[in-house]
Amino acid sequence: MPDLFVLFLQVDIYEDKDNARKDEIAALGGQTATGTNVFSAFYDRLKEIREYHRRHPAARVVDPNEDFEVLLKEEPLIEFSGEALAALGLKSGGTVQQRAERLFLTKDTPLEKLDKKHFAKGSRGQEQNGVSAVNSFKEIALMEAKINKLCELLEETVDRTKDNIVKKQALTYEEIEAEREEEDTQADTESDDDDQQIYNPLKLPMGWDGKPIPYWLYKLHGLGQEFKCEICGNYSYWGRRAFERHFKEWRHQHGMRCLGIPNTKNFNEITSIEEAKELWKRIQERQGVNKWRPDLEEEYEDKEGNIYNKKTYTDLQRQGLI
């Protein structure tokens with residue numbers, strides 16, 4: 001049984017699951033298991049320690065032979081020069097604890113509200129404290145002057161409002177109802193005046209506000225001129241602008257479609273049905289639609305009674321098929 005245990009132990013050492021044997025072999029060659037040079041790592045660590053002690057010369061070097069309990073009970077040495085206090089204009093003297101307490105006062109309290117005893121003599125912070133106090137007094141005085149002036153301007157309005165409130169408080173229920181009915185009657189009278197027929201002897205068109213447009217605007221747009229279009233079913237258009245715009249609207253397009261005429265620019269300013277038909281006929285003749293073309297429209301008949309146009313008949317005859 002002991003031999004079996006020794007065998008298992010040797011197998012574990014041979015497999016080196018914890019990489020202990022591998023690290024030992026690498027250390028003999030000056031390398032770690034990860035490939036880092038042992039000597040370079042040592043000197044890098046030594047350089048870091050020297051740099052730390054150069055930045056902190058007051059740091060104590062711990063001797064491994066000393067009692068650690070005594071070291072833990074010692075109060076650590078804190079460097080606090082007070083430069084931050086001097087920059088704020090505060091006193092930088094006293095113990096470390098006093099300077100720290102003075103600095104922590106500025107965390108939640110503005111410099112303007114600090115007691116003067118915390119400032120150094122002739123410091124700018126003390127002067128700023130006095131200047132800010134003077135400025136605050138000026139702002140308060142200016143605000144009071146504005147309020148007094150506003151009260152003077154609104155004095156009459158405030159007095160009338162007070163009198164009206166006192167008057168309403170003294171009214172009975174019947175008097176309040178009578179006053180309310182009088183206000184409703186007055187509102188109805190004003191609405192009736194608005195609904196009255198508007199005086200419009202020149203029969204000017206109505207504007208966006210429901211009132212006749214100015215006469216000069218009526219003359220400017222030529223709204224007194226009437227243009228009738230027979231294609232649109234003798235519909236009247238008032239003003240040159242509305243007349244020119246109607247050629248692209250649905251009513252005129254529908255009329256041209258019923259006549260079988262395309263609504264193109266050639267038919268602008270044409271409002272008569274006869275004129276539109278005559279113009280369309282001339283356009284077709286100019287395009288050659290109604291022109292006599294004998295090669296396509298002249299007919300020929302063969303011996304069997306088949307009818308061909310001139311071009312087809314000539315081609316078949318040349319091929320000897322007829």
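The legends below describe close-up views of a predicted model.

**View 1. The largest nonpolar core and its contributing elements.**
This core contains 14 residues, and F267 and A276 have the most contacts inside it. Two or more residues are given to the core by each of β1 (226–229) and α13 (273–287). Helix α13 supplies three residues, the largest share. In soluble globular proteins, nonpolar side chains tend to be buried together.

**View 2. Surroundings of A276 in the core.**
A276, one of the two residues with the most contacts inside the largest nonpolar core, is in contact with I231, I261, F267 and I270. Neighbours of A276 within four places in sequence are left out of this list. F267 is thus named twice: as a contact of A276 and, with A276, as a residue with the most contacts inside the core.

**View 3. The hairpin of β1 and β2.**
Strand β1 pairs with β2 (residues 235–238) in the antiparallel sense, over four bridges. In this pairing, C229 stands opposite Y235 of β2. Five residues separate the two strands of the hairpin. G233, in the turn, has a positive phi of about 85 degrees. Strand β1 also gives two or more residues to the largest nonpolar core.

**View 4. H246 in the loop between α11 and α12.**
The loop that holds H246 runs between α11 (240–245) and α12 (250–259). H246 has a relative accessible area of 0% and is therefore buried, the cut-off being under 20%. Apart from neighbours within four places in sequence, the contacts of H246 are C229, C232, Y237 and H252. Of these, C229 is the residue that stands opposite Y235 in β2.

**View 5. A nonpolar surface patch that includes V158.**
L150, L153, L154 and V158 make a nonpolar surface patch of about 370 Å². V158 belongs to helix α8, which spans residues 155–170. The relative accessible area of V158 is 38%, so this residue counts as partly exposed, between the limits of 20% and 50%.

**View 6. Y300 in strand β3 and its contacts.**
Y300 lies in β3, a strand of residues 299–301. With a relative accessible area of 27%, Y300 is partly exposed. Not counting residues up to four places away in sequence, Y300 touches N306, I307, Y308, N309, K310 and Y313. The C-alpha atoms of Y300 and T312 are 9.1 Å apart in space, while the two residues are 12 residues apart in sequence.

Methods: Residues numbered from 1 in each chain as written. Predicted model: local features only at pLDDT ≥ 70, side-chain atom pairs only at ≥ 80, totals over all residues. Heavy atoms only, no water. Core = buried A, V, L, I, M, F, W, Y, C linked by side-chain atoms within 4.5 Å. Buried < 20%, exposed > 50% of the residue type's maximum accessible area, 1.4 Å probe, protein only. Contact = heavy atoms within 4.5 Å. Patch = residues over 30% accessible without salt bridge, like charges linked within 9 Å, V, L, I, M, F, W, Y side chains within 5 Å. Areas by Shrake-Rupley, 256 points an atom, 1.4 Å probe, with all protein chains shown as cover. Salt bridge = Lys/Arg side-chain N within 4 Å of Asp/Glu carboxyl O. Pairing = 2+ DSSP bridges.
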